[in-house]
Amino acid sequence: MSGSQASVQRNSTLSSETLPTPAPPPVEQAHKDGAVAATTKLRRDFGFIPIPRRLQYDPEHPAHFGLAMNVTFGIASTFVVANLYYCQPLLIQFANAFGVTYQEVSNIPTLVQAGYAVGLLFITPLGDLVRRRQLLLLLTFITASLSIGLAITKSLVAFELLSFLVGIASVAPQILMPLAVDLAPPERRASALSIVLSGLLLGVLIARVLAGVVAQFVTWRVVYYISIAVQYVVLAMLYWMLPDYPPKNKGVTYFGILYSMAKFTVTEPLLVQAILITVPSSACFTNWWVTLTFLLGGPPYHYSTVVIGVFGAVGIVGVACAPLIGRIIDKLVPWSATLVATIALLITFSIQTAAVGLNVAVVVIVCIGLDVFRQTQQVSLTTAVLGLDANARSRLNAVLILSLFIGQVMGTAVGSKVFNEHGWRPDAALNLAWTGWTLFVLFLRGPHCPRYKWIGWEGGFELRKSRVLARQQAEREAAEARGEKAEQRPEAQELNGGMGGETVLEGKTDKEESRTIDEDAPGTAAFDEERERQESEKKGDEAV
């Protein structure tokens with residue numbers, strides 16, 4: 001452990017060395033770790049909009065992250081991410097309204113998604129650099145205002161340009177996710193994250209169903225008028241519910257933030273492992289939903305477009321299961337939740353390969369299984385990755401979501417080609433192969449592997465968070481009773497680096513304080529670990 005790291009432990013009590021234990025409010029600790037840029041209250045957003053007194057930053061009385069705030073985050077995610085999907089069922093109406101071919105309007109969904117990718121890369125990392133309340137209010141205002149142009153323009157070029165800009169600004173949910181992790185108590189972080197993620201899934205579902213149904217009875221422009229109204233309502237909700245906090249990283253530049261994102265991808269084994277799991281898993285998810293239309297529209301089903309759309313509503317099961325999924329993950333080491341979800345996905349895709357083209361009941365089973373277990377996998381991976389560094393959560397989340405986006409593109413392109421050229425069974429087998437790869441990658445690093453170790457199993461096989469916490473507490477008490485320095489065992493070292501979860505340490509006594517200082521001495525395990533970390537970062541710099 002370096003001197004700076006030891007200092008962080010002494011001053012803030014936040015660490016990713018062990019699993020979660022009860023502690024002071026996590027947001028307060030995270031911002032102390034991040035060398036908070038300001039200690040005085042900011043009373044106005046953008047210099048002229050008053051901040052409600054109860055939401056102003058107060059390190060002595062941090063905001064309470066309750067159910068109401070969590071639900072607000074989920075609702076905001078739902079109706080902001082919906083901007084990316086309103087256009088998909090409306091392409092025929094666009095072609096008729098603008099007097100162009102279907103090929104020309106097919107560029108609209110591509111431009112929206114391209115804008116979203118740009119926003120993920122260049123705007124989401126700002127969550128680690130600026131006040132997130134102001135950033136979220138600004139982004140929501142921009143998307144709502146740009147949607148006015150989408151509703152009234154009569155030019156296809158203008159519509160395409162506005163769609164691209166709306167995609168760029170629709171990254172608010174990806175800033176809300178790490179903020180929810182910062183605000184939530186350690187024992188509720190997966191639950192909080194699962195509600196925000198379920199909001200994303202619900203947004204995709206609502207956008208497609210709402211746009212398709214409304215456009216059947218009135219003009220497509222009404223869809224965007226509804227979107228405008230809903231987004232301004234979300235803006236008002238965020239204004240009255242979103243607490244203000246100072247920037248997390250003092251003295252860091254925007255380009256330094258972008259550079260660190262690239263550096264994380266070559267120096268953080270857990271992040272790389274999560275990326276290698278997320279890309280193929282996301283590809284499976286997209287492959288299924290894209291090719292489902294082909295499957296149900298052809299033999300032996302021959303269903304109409306309306307009936308096919310009903311199967312999309314099955315996705316509501318995944319949304320309904322979000323609270324339960326979060327509670328389960330909160331009780332487990334994240335690695336074990338990922339393992340259970342991946343094995344369940346293997347079983348789901350085995351069923352798909354065997355009989356999805358033979359019986360409609362299998363289609364329903366795959367729809368439900370994929371939604372529930374894919375969400376479980378994503379929540380557990382995100383929980384583990386965001387625990388690596390409390391001051392870099394927006395960047396870490398941006399990297400993970402970019403990998404998810406890459407997987408979606410891969411699943412759409414490869415899955416459609418395989419289905420159209422070879423049929424439903426080879427396409428299902430492709431999902432099975434991709435999921436088998438994710439299981440292989442997961443087993444390369446065990447649940448308690450040290451943070452900077454790329455491959456290996458250390459620290460035992462315990463997967464229940466409570467058991468690991470109890471063992472660590474017993475070891476600390478035994479060491480104190482002997483009056484010795486508590487040498488960390490492998491399972492107590494950087495467990496979050498092995499998807500072991502995140503910990504906020506209890507306050508240290510003066511005796512523990514002195515032992516923390518001693519850990520920086522050459523020849524100790526902490527010194528060796530710090531040297532290994534520095535070598536890993538040096539290699540990362542060279543790779544970047």
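## Exercises on a predicted model

Pro300 sits in the loop that joins helix H13 (269-297) to helix H14 (305-312). The model is a predicted one, and this loop is a good place to start.

### Exercise 1: A loop with two backbone details

Find out whether the peptide bond from Pro299 to Pro300 is cis or trans, and state the sign of phi in His302.

*Solution.*
Step 1. Most peptide bonds are trans, and most residues other than glycine have a negative phi.
Step 2. Read omega for the bond from Pro299 to Pro300: omega is near 5 degrees, which makes this bond cis.
Step 3. Move on to His302, which belongs to the loop between H13 and H14. Its phi is near 55 degrees, a positive value in a residue that is not glycine.
Step 4. Check the surroundings of His302. Its relative accessible area is 54%, and the cut-off for exposed is over 50%, so His302 counts as exposed.

### Exercise 2: The chain as a whole

Work out how many helices and strands the chain has, and what share of its residues is buried.

*Solution.*
Step 1. Count the secondary structure elements: there are 23 helices and 4 strands.
Step 2. Turn to burial. The chain has 544 residues, and 56% of them count as buried.
Step 3. Look at the surface. About 21900 Å² is exposed, with 66% of it supplied by carbon and sulfur atoms.
Step 4. Consider contacts with a separation of 6 or more: residues 24 or more positions apart account for 82% of them.

### Exercise 3: Two helices and what they pack against

For H3 and H6, compare the end-to-end reach with the expected value, then list the helices that their buried residues pack against.

*Solution.*
Step 1. Take H3, residues 67-81. Its 15 residues reach 21 Å from first C-alpha to last, close to the 21 Å expected at 1.5 Å a residue.
Step 2. Pick out the buried residues of H3; among them are Met69, Phe73, Ala76, Ser77 and Val80. Residues three or four places apart in an α-helix point the same way, since there are 3.6 residues a turn.
Step 3. Find the partners: the buried residues of H3 pack against H9, helix H10 (189-217) and helix H11 (221-241).
Step 4. Repeat for H6, residues 107-122. Here 16 residues reach 22 Å, close to the 22 Å expected.
Step 5. The buried residues of H6 include Ile108, Val112, Tyr116 and Leu120. The buried residues of this helix pack against H4 (91-98), H5 (102-105), H8 (156-169), H9 (172-183) and H19 (393-422).

### Exercise 4: Charged pairs on helix H19

Identify the salt-bridge partners of Arg395, Arg393 and Lys417, and say which parts of the chain each pair connects.

*Solution.*
Step 1. Side chains of opposite charge can pair when their charged atoms come close. The structure holds 6 salt bridges.
Step 2. Arg395 meets Asp128 at 2.8 Å, N to O. Arg395 is in helix H19 and Asp128 is in the loop between H6 and H7, so this pair ties together parts 267 residues apart in sequence. Both residues are buried.
Step 3. Arg393 pairs with Asp182, with the closest N and O atoms 2.1 Å apart. This pair links helix H19 to helix H9 across 211 residues. Arg393 has a relative accessible area of 1% and Asp182 one of 0%; the cut-off for buried is under 20%, so both are buried.
Step 4. Extend the picture around Asp182: salt bridges that share partners join Arg132, Asp182 and Arg393 into one network. The side chain of Arg393 also has a polar atom 2.8 Å from the backbone oxygen of Leu386.
Step 5. Lys417 and Glu421 form a salt bridge at 2.7 Å, N to O. They are 4 residues apart in helix H19, so about one helical turn separates them.

### Exercise 5: A nonpolar patch

Name the residues that make the nonpolar surface patch of about 470 Å², and locate Phe46 and Ile142.

*Solution.*
Step 1. The patch is made by Phe46, Phe48, Leu138, Phe141 and Ile142.
Step 2. Phe46 is in the loop between strand E2 (44-45) and strand E3 (49-50), whereas Ile142 belongs to helix H7 (residues 132-152).
Step 3. Both are partly exposed: Phe46 at 36% relative accessibility and Ile142 at 32%.
Step 4. Phe46 and Leu138 are 92 residues apart in sequence, with 9.4 Å between their C-alpha atoms. Beyond its neighbours within four places in sequence, Phe46 is in contact with Gln134, Leu137 and Leu138.

Note on methods
Residues numbered from 1 in each chain as written. Predicted model: local features only at pLDDT ≥ 70, side-chain atom pairs only at ≥ 80, totals over all residues. Heavy atoms only, no water. Helix = DSSP H or I, 4+ residues; strand = E, 2+ residues; numbered from the N terminus. Expected span 1.5 Å × (residues − 1). Buried < 20%, exposed > 50% of the residue type's maximum accessible area, 1.4 Å probe, protein only. Contact = heavy atoms within 4.5 Å. Polar contact = N/O pair within 3.5 Å; in protein donor to acceptor, adjacent residues only side chain to side chain. Patch = residues over 30% accessible without salt bridge, like charges linked within 9 Å, V, L, I, M, F, W, Y side chains within 5 Å. Areas by Shrake-Rupley, 256 points an atom, 1.4 Å probe, with all protein chains shown as cover. Salt bridge = Lys/Arg side-chain N within 4 Å of Asp/Glu carboxyl O.
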